[in-house]
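Student: Could you take me slowly through one part of this structure, the surroundings of the ligand, and then show me what lies around that part?

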Amino acid sequence: MEMDYVTGFAHSHMDRRPTKRPRLAWENPQAHSKAQSGMYCGQELGNLTSFGPSRVHADHASMFVKGLAQNGTPQWRNDDKDGHYLFALGENLTSRYKILRKIGEGTFGQVLDCLDRETGETVAIKVVRSIKKYREAAMTEIDVLELLKRYDRSGSRCVQIRNWFDYRNHICIVFEMLGPSLYDFLRKNNYRPFPVDLVREIGRQLLECVAFMHDLRLIHTDLKPENILFVSPEYLKIPDYKVTARSPTDVNYYKRLPKSSAIKVIDFGSTAYEHQEHNYIVSTRHYRAPEVILGLGWSYPCDMWSVGCILIELCSGEALFQTHENLEHLAMMERVLGPIPQHMLKRVDKPAEKFVRRGRLDWPEGATSRESIKAVLKLPRLQNLVMQHVDHSAGYLIDLLQGLLRYNFFFFCWVAVILSSFRGRTSVFLWSCVALVKLAGAGFCWA
Ligand SMILES: Nc1ncnc2c1ncn2[C@@H]1O[C@H](COP(=O)(O)OP(=O)(O)OP(=O)(O)O)[C@@H](O)[C@H]1O
């Protein structure tokens with residue numbers, strides 16, 4: 001078998017499709033965080049405010065005191081109209097970090113590949129937009145990252161924070177450098193699926209990460225292929241025998257596969273604590289749980305729903321619920337997973353009342369167009385969808401997905417919360433959920 005070994009995606013050859021699917025709304029009213037109050041204890045050093053607890057950071061601050069830094073940083077420039085930091089490649093971001101290239105951009109800011117002059121390693125720095133709500137969310141993200149770092153001793157599940165600082169009104173979060181995202185692979189492979197054995201391995205790690213977060217009473221709320229990164233940038237190019245392309249010059253002849261299956265979750269900017277109020281809209285559209293759309297309030301199960309959508313996408317190559325409209329989205333869920341229980345439809349909030357008529361979803365009557373009805377009818381039932389893409393172990397995967405994409409999971413969750421509060425132990429919560437789902441006939445054997 002011809003095999004081509006490559007290190008890292010060639011960014012210059014990236015196609016022109018967007019690398020990220022944006023969240024439609026950013027409606028996360030974050031509370032002031034512990035880290036934020038720490039900010040005012042920082043040392044004002046020229047155009048940098050430094051607060052990092054680490055020894056490395058303290059050394060860095062002392063460099064500024066000696067007056068070395070100002071020479072190394074560019075002249076002050078205004079931000080762009082959206083509050084993004086403007087920079088040139090090769091410039092310094094404080095005297096410690098040299099900007100090598102831009103890796104990504106999201107709602108919160110830009111992510112830059114930088115050389116850390118103190119350690120000699122390359123790091124990914126998220127330079128957050130200089131807008132109050134994004135600055136506040138970044139401070140919450142730092143709190144969460146530090147909590148995760150404290151408990152994830154092996155650092156194997158979630159991206160590791162190395163440092164943070166406030167530079168020219170931009171919160172900058174320094175991360176370990178990771179490889180491409182699951183979405184980068186899907187895109188580069190023209191939306192061809194991942195091999196099922198790799199999906200199983202990714203699913204296991206993802207569920208471990210979610211269990212770990214839930215145990216800390218944290219809800220990620222924005223799990224999606226863009227936010228799951230392979231640890232290593234190395235990948236193989238192997239001929240894809242399933243496609244009709246016969247010539248190695250054809251773009252579809254090869255398929256890229258990661259050399260290692262190790263993944264980590266990123267983007268804790270929307271992570272919520274269990275005790276906060278959960279009535280606003282969360283998650284990127286395709287991965288949004290029904291209770292979020294129906295305004296029923298949400299909790300841990302919204303992450304489980306996202307994991308279910310992600311696993312299907314990895315097996316099929318395409319997002320399961322490709323829609324931008326609430327009623328169509330709910331109709332798609334009913335098509336794939338069966339009717340939404342009446343007790344949920346009875347409790348919807350005011351804005352969602354228009355989706356319900358006589359105790360059931362107002363579909364197809366409420367559809368906005370014939371195309372919309374066709375888009376829903378095109379979707380297969382979950383079992384058929386899985387069997388189209390998975391030959392061996394389809395049964396186990398269907399069991400797992402039925403457990404993750406369970407409308408009632410939301411209600412099981414409340415029972416589990418009550419059970420865990422009796423015992424005062426967070427892990428009881430997750431095991432209660434698992435036990436309840438198992439009792440309900442779902443299997444977790446596959447992952
Ligand atoms: N540690 C990292 N290593 C390598 N690339 C990274 C790292 N962190 C982020 N990226 C890249 O930068 C992109 C944006 O990062 P991130 O999702 O944290 O930003 P965001 O502004 O919070 O995005 P969103 O719009 O989803 O909220 C990611 O999709 C990824 O491609």
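Tutor: What follows looks at the shell around the ligand, then at the nonpolar core, and lastly at one annotated residue. Please keep in mind that this is a predicted model. There are 23 residues around the ligand, and those that come nearest are Gly 104, Gly 106, Thr 107, Phe 108 and Val 111. Sorted by class, the shell contains 10 nonpolar, 7 polar and 6 charged residues. Among the elements that build this shell, the strands β5 (97–105), β6 (109–116), β7 (122–128) and β9 (170–176) each supply at least two residues, and at least three residues of the shell come from each of domain 1 (2–9 + 35–175) and domain 2 (182–440).

Turning to the interior, the largest nonpolar core has 98 residues, of which Ile 125, Ala 138, Cys 172, Ile 173 and Leu 401 touch the most other members. Helix α8 (residues 301–316) gives the most to this core, contributing 10 residues, and the core also draws at least three residues from each of domain 1 and domain 2. If we set aside neighbours within four places in sequence, Ala 138 is in contact with Phe 108, Val 128, Ile 171, Ile 173 and Gly 269; Phe 108 is also one of the residues that come nearest the ligand.

Finally, Lys 133 sits in helix α4 (residues 132–151), and an unreviewed UniProt entry places the feature "binding site" at this residue, Lys 133. Lys 133 counts as partly exposed because it has 13 C-beta neighbours inside 10 Å, a number that falls between the cut-offs of 12 or fewer for exposed and 20 or more for buried.

How values were computed
Residues are numbered from 1 along each chain as its sequence is written. This is a predicted model: local features need pLDDT of at least 70, side-chain atom pairs count only at pLDDT 80 or more; totals for chains, interfaces and linings use all residues. A residue is near a molecule or strand if its C-beta atom, placed from the backbone, lies within 6 Å of it. Helices (H or I, at least four residues) and strands (E, at least two) are DSSP runs, numbered from the N terminus. Ala, Val, Leu, Ile, Met, Phe, Trp, Tyr, Cys and Pro count as nonpolar, Asp, Glu, Lys and Arg as charged, and the others, Gly among them, as polar. Domain bounds come from an automatic or database domain assignment. A nonpolar core is a set of buried Ala, Val, Leu, Ile, Met, Phe, Trp, Tyr and Cys residues joined through C-beta atoms within 7 Å. Two residues are in contact if their C-beta atoms, placed from the backbone, lie within 7 Å. UniProt positions are given in the numbering used here, feature names are shortened, and annotations may be inferred rather than shown by experiment.
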